[in-house]
Protein chains: 2
Amino acid sequence: MRVSSMRDVAAAVRGRRKDLGLSQAAVADRVGVSRAWINAVEAGKPSVEFDLVLRLLDQLDLRLDINKPGSLGDVYKGRGVDLDTVLDDYRAR
Amino acid sequence: MRVSSMRDVAAAVRGRRKDLGLSQAAVADRVGVSRAWINAVEAGKPSVEFDLVLRLLDQLDLRLDINKPGSLGDVYKGRGVDLDTVLDDYRAR
DNA sequence: GGTGCTTGTCGGCGCTCGATGACATAGTAG
DNA sequence: CTACTATGTCATCGAGCGCCGACAAGCACC
């Protein structure tokens with residue numbers, strides 16, 4: 001999933017936290033920040049410190065990647081890989 | 001490229017800026033931050049604000065992605081895609 | 001030599017982040 | 001109904017971010 005603003009991080013964090021069945025307080029405790037901070041992040045607050053976000057994503061088992069657009073591996077990112085489509089393209093050559 | 005700390009961002013930013021042939025001052029001007037801030041980022045300063053980093057990456061034409069580890073699209077990240085290998089695996093089924 | 005550009009670093013200052021604690025509002029279980 | 005939990009929000013306050021301006025060092029070129 002492409003990250004173009006904190007709102008994207010907010011969505012990813014909230015979704016992942018729900019999936020893991022954790023409360024904001026539990027996550028805050030693991031990451032070592034206040035519950036209010038977690039709440040702010042999930043609200044999409046833009047001016048949060050980068051290293052805290054990294055620790056949050058780490059605790060939620062979320063990976064952050066950075067790439068140059070147009071690189072090969074980048075093609076599949078954000079929309080998933082449909083192997084059937086790939087193979088159909090291959091057979092159609 | 002995996003981002004596990006600001007040092008990774010620093011490396012990506014510096015490399016990309018060099019590739020684009022821009023000075024720290026030029027980048028700072030585009031992003032709308034001070035030159036000292038760009039310098040700090042490229043030095044790996046951890047406590048920088050997230051939205052500024054996003055604007056920086058945007059100006060450098062770098063993409064930031066967030067995913068759950070183990071997702072399908074994630075498999076290929078960081079080591080590229082060798083289509084021949086993929087197709088060989090397919091034929092061998 | 002001198003000029004120019006780039007980068008690293010510093011002191012100062014204003015401003016805001018994040019912590020804390022408290023409060024109110026749902027929602028749920030008993 | 002009463003607890004209890006989770007979440008959103010607020011005021012206060014200390015600490016640290018980012019800006020500005022300046023300075024020095026490095027490097028290239030003439």
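## Chain A, chain B and DNA strand C: a quick Q&A

Me: Which residues of helix 3 of chain A are buried?
Reply: Keep in mind that this is a predicted model. Buried here means under 20% relative accessible area. In helix 3 of chain A, the residues that count as buried are Trp37(A), Ile38(A), Ala40(A), Val41(A) and Glu42(A).

Me: And what do those buried residues of helix 3 of chain A pack against?
Reply: The buried set includes Trp37(A) and Val41(A). An α-helix has 3.6 residues a turn, so residues three or four places apart point the same way. The partners of the buried residues, still within chain A, are helix 1 (6-20), helix 2 (24-31) and helix 4 (50-59).

Me: What phi does Gly44(A) take?
Reply: Gly44(A) sits just after helix 3 of chain A. Its phi is positive, at about 85°.

Me: In what order do the elements of chain A run?
Reply: Chain A has five helices and one strand. Reading from the N terminus, the order is α-α-α-α-β-α.

Me: How much of chain A counts as buried?
Reply: Chain A exposes about 5,000 Å², with carbon and sulfur atoms supplying 46% of that area. Out of its 93 residues, the buried share is 45%.

Me: Which residues come nearest to DNA strand C?
Reply: There are 19 residues around the strand. By class, they split into eight charged, six polar and five nonpolar. The ones that come nearest are Ser34(A), Ser47(A), Glu49(A), Arg17(B) and Gln24(B).

Me: How far is a polar side-chain atom of Ser34(A) from a phosphate oxygen of DNA strand C?
Reply: For Trp37(A), a polar side-chain atom lies 3.3 Å from a phosphate oxygen of DNA strand C. Over on chain B, a side-chain N or O atom of Asn39(B) is 2.9 Å from a phosphate oxygen of the strand. For Ser34(A), the distance is 2.4 Å.

Me: Which elements give two or more residues to the surface near DNA strand C?
Reply: Both protein chains contribute here. Chain B supplies helix 1 (6-20) and helix 3 (35-42), and chain A supplies helix 3 (35-42).

Me: Why does Lys45(B) count as partly exposed?
Reply: Lys45(B) lies in the loop between helix 3 and helix 4 (50-59) of chain B. Beyond its neighbours within four places in sequence, Lys45(B) is in contact with Met6(B) and Ala40(B). Partly exposed covers the range between under 20% and over 50%. Lys45(B) is in that class because its relative accessible area is 42%.

Terms used
Residues are numbered from 1 along each chain as its sequence is written. Chains are lettered from A and ligands numbered from 1 in the order in which they are written. This is a predicted model: local features need pLDDT of at least 70, side-chain atom pairs count only at pLDDT 80 or more; totals for chains, interfaces and linings use all residues. Side-chain values use heavy atoms; hydrogens and water are left out. A residue is near a molecule or strand if one of its heavy atoms lies within 4 Å of it. A polar contact is a pair of N or O atoms within 3.5 Å; within protein, one must be able to donate a hydrogen and the other to accept it, and residues adjacent in sequence count only if both atoms are side-chain atoms. Helices (H or I, at least four residues) and strands (E, at least two) are DSSP runs, numbered from the N terminus. Ala, Val, Leu, Ile, Met, Phe, Trp, Tyr, Cys and Pro count as nonpolar, Asp, Glu, Lys and Arg as charged, and the others, Gly among them, as polar. Buried means under 20% relative accessible area, exposed over 50%, partly exposed in between (1.4 Å probe, protein chains only). Contact means heavy atoms within 4.5 Å. Accessible areas come from the Shrake-Rupley method with a 1.4 Å probe; for residues, only the protein chains shown count as cover.
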